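Biologist: Could you walk me through a few spots in this structure? I would like to see the reasoning as well as the results.

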Amino acid sequence: MTPPREISYAAAIREAFATCLARDPSVVLMGLGVSDPKGFFGTTINLHLEFGEDRVMDMPCAEAGMTGVALGAAVNGMRPVINHQRLDFALLSMDQLCTQAAKWRYMFGGKERVPLVMRAIIGRGWGQGPQHSQSLQSWFAHIPGLKVVMPATPHDAKGMLIAAIEDDDPVVFLEHRWLHHLTGPVPEGHYTVPLGPTRTARSGDKVTIAAMSYMVIEALEAADRLAAEGIEAEVIDVRCLRPLDRESLIQSIWRTGRLVVADGAWASAGMSAELIASISESAFGALKAAPKRVCLPDCPTPTSPSLAADYYPRAGHIAAAVREVLDLPPNDADLLVPAGVELDKPNPAFTGPF
Amino acid sequence: MPRHLASASAAAALATATATSTAMTPMTPSIPSAQLELATSLLRSMERIRLVEEAIADRYSRQQMRCPVHLSIGQEAAAAGVCAALRADDLAMSGHRSHAHYLAKGGNLDAMIAEMHGRATGCCGGRGGSMHLIDRAAGFLGAVPIVGSTIPIATGLAFADKQRGIQRVTVAFLGDAATEEGVFHESLNFAQLHRLPIIYACENNLYSVYSPMRVRQPDTRAIHQIAAGHGLRTLHGDGNDALAVHALASDAAASARAGEGPVFLELATYRWREHCGPGWDNHIGYRTEEEYLAWRALDPIARLQKRLTDAHAFDATAYATEIKAIQVEIDRAFAAAEAAPFPANASMADHVYAAA
């Protein structure tokens with residue numbers, strides 16, 4: 001039996017687009033740079049040559065207006081995907097996305113539908129700084145009418161993007177830029193991963209680590225380290241923030257009794273708070289210790305690489321949090337940075353820029 | 001006189017010039033015989049809109065319509081004239097002051113009145129209210145109150161039609177203040193870039209809530225000149241002359257339909273009643289009684305009726321019969337709305353998502 005095909009997360013995104021563009025003539029991609037020579041971090045490369053610049057369409061530097069155009073096109077029979085190379089630019093379109101698209105079905109009494117995808121890149125590193133790195137998934141997850149997904153694996157990236165494009169509601173699709181180069185098994189052809197259920201990335205019985213997007217990768221590394229000490233952590237990949245599969249988390253907490261939430265965003269009023277609140281409301285009796293959050297420090301992202309080690313939460317922070325909820329003594333080794341590892345780079349081969 | 005008024009339209013200039021003088025007689029050119037039928041139909045359309053809105057105003061104090069209402073009384077010619085130049089399958093969107101556009105485009109009166117009453121039979125099932133009107137069967141694809149927000153969405157309707165080869169024109173109704181929003185400029189740029197079949201119909205009534213033009217826009221250029229700056233074909237004129245509006249809109253629709261790109265239409269007009277609500281607000285100090293009276297003299301309904309009379313084409317008996325029929329229709333719509341059920345509480349969260 002041949003081993004499953006492995007491709008990168010970025011290639012999986014491109015495959016999802018190619019699959020949808022080929023299957024459905026109403027699918028159209030818009031976004032600054034979707035047809036540029038870099039191909040949007042490689043995720044859309046040369047799709048415009050294959051499907052035409054009418055369907056893989058560069059656009060004016062007008063995020064709000066173009067989100068409205070995408071909404072109007074969605075209302076009028078198309079399935080547009082609007083792409084932002086940084087989530088920060090999507091904030092220019094909050095009226096069109098949150099006040100218009102998210103409400104359109106509801107406020108017109110269920111008579112309309114908005115099959116719209118807003119795709120944005122989030123994440124850290126290489127000097128993204130205060131205005132190129134915001135992970136504001138909690139903003140969107142606050143809004144009824146939107147769906148918010150942030151897959152962590154190439155398999156889910158392709159399957160959830162196809163599901164998002166085929167969905168009849170507006171979907172916010174968030175990709176952490178450090179995931180793009182990671183590889184994993186990805187089926188060829190068309191398949192979907194439902195928008196909603198969590199994924200158990202690793203089973204364990206001592207503690208539940210609920211993680212999102214790139215923090216799933218860090219959580220799995222933390223779980224590996226802890227396993228070497230005999231501590232089996234369950235890692236739940238919260239790959240969809242809205243609708244949120246609270247039930248699977250509750251079940252996990254009833255098994256483990258302990259919860260650490262890892263979110264590459266700020267803690268205050270964020271998704272990590274929502275997850276802990278949900279568990280506190282529904283499974284308080286299952287908790288054997290107070291839950292912990294592993295999130296960003298409460299300040300904007302500094303650019304200097306010298307501040308990366310203290311800014312970005314990583315596996316060591318998650319391991320340390322697990323020790324706390326298990327009432328174990330701290331281990332100074334958790335936060336050691338191995339020689340040669342640079343925390344503002346997604347992998348050793350990377351030499352910038354994004 | 002501020003330049004934006006001087007260049008806006010004859011009507012606006014006339015109104016401003018006469019604001020301090022006494023009575024004025026608007027120009028009443030005779031109606032060509034080929035247009036008598038159109039004029040009669042425009043008069044009826046405007047009268048129906050006004051009677052509906054006056055009925056809303058009269059009954060608002062009953063506290064049954066528990067939502068903001070923005071009346072277009074005085075501005076009927078723009079809605080009636082533009083929509084009469086459209087085909088039934090053409091599309092339209094609007095903003096907060098949308099009753100007139102909805103009705104002129106053929107929107108369902110019963111569904112509109114029921115929506116304003118928050119009833120399950122409303123065009124949004126009670127989720128929207130006066131500021132969220134929709135009637136897909138009539139090609140009226142929505143109105144929302146966030147200023148300027150439907151301009152890009154309507155642009156997207158036209159974009160989808162062009163992409164899919166559907167021969168149809170979209171009209172985005174907007175007010176003068178919406179031209180100050182960023183999405184207005186973003187949309188015009190995109191529409192011209194892709195030569196989309198859309199008409200941006202701007203009703204310039206000189207006020208955004210209580211803020212006059214002088215605090216919002218420079219007096220060194222007219223609104224339609226902004227659109228011209230984006231490369232659009234622009235037309236402008238007297239928004240209180242239904243026949244003139246119809247002629248401009250027909251011209252705009254013809255060129256948009258012929259694939260010649262978007263057209264911007266600026267129509268000078270004026271709202272008589274308060275910004276939001278059924279009342280009058282000349283006493284609160286943001287505009288003068290004189291200005292109001294000057295515009296009131298430009299009443300689009302009275303003017304068209306006089307021109308039809310002058311052309312010996314106004315049948316007072318037939319008109320009275322029609323008005324009576326409209327009033328019966330309105331009374332029936334209100335009675336039906338007040339008797340209609342409210343949405344079930346259990347349905348509160350329906351329609352948030354497709355599956356719900």
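Modeller: Happy to! Helices here are DSSP runs of H or I with at least four residues, numbered from the N terminus. Please keep in mind that this is a predicted model.

Biologist: Just after helix 12 of chain B, which residue takes a positive phi?

Modeller: Helix 12 of chain B covers residues 300-310. Just after this helix, a positive phi of about 55° is taken by B:His312.

Biologist: Why do the buried residues of helix 12 of chain B line one face?

Modeller: Those buried residues are B:Pro300, B:Ile301, B:Arg303, B:Leu304, B:Arg307 and B:Leu308. Looking down the helix axis, they line one face because they fall within an arc of 165°.

Biologist: At the start of helix 12 of chain B, which backbone nitrogen does a side-chain oxygen of B:Asp299 reach?

Modeller: The side-chain oxygen of B:Asp299 comes to within 2.9 Å of its partner. That partner is the backbone nitrogen of B:Ile301.

Biologist: Which residue forms a salt bridge with B:Asp310?

Modeller: The closest N and O atoms of this pair are 3.0 Å apart. The two residues are separated by about one helical turn, because they sit four residues apart in helix 12 of chain B. B:Asp310 is partly exposed at 42% relative accessible area, and its salt-bridge partner is B:Lys306.

Biologist: Over in chain A, is A:Arg79 buried or exposed?

Modeller: A:Arg79 lies in strand 4 of chain A and pairs with A:Asp168 in a loop, so the pair ties together parts 89 residues apart in sequence. Buried means under 20% relative accessible area. A:Arg79 has 13%, so this residue is buried.

Notes:
Residues are numbered from 1 along each chain as its sequence is written. Chains are lettered from A and ligands numbered from 1 in the order in which they are written. This is a predicted model: local features need pLDDT of at least 70, side-chain atom pairs count only at pLDDT 80 or more; totals for chains, interfaces and linings use all residues. Side-chain values use heavy atoms; hydrogens and water are left out. Buried means under 20% relative accessible area, exposed over 50%, partly exposed in between (1.4 Å probe, protein chains only). The arc is that of the directions from the helix axis to the C-beta atoms. A polar contact is a pair of N or O atoms within 3.5 Å; within protein, one must be able to donate a hydrogen and the other to accept it, and residues adjacent in sequence count only if both atoms are side-chain atoms. A salt bridge is a side-chain nitrogen of Lys or Arg within 4 Å of a carboxyl oxygen of Asp or Glu.
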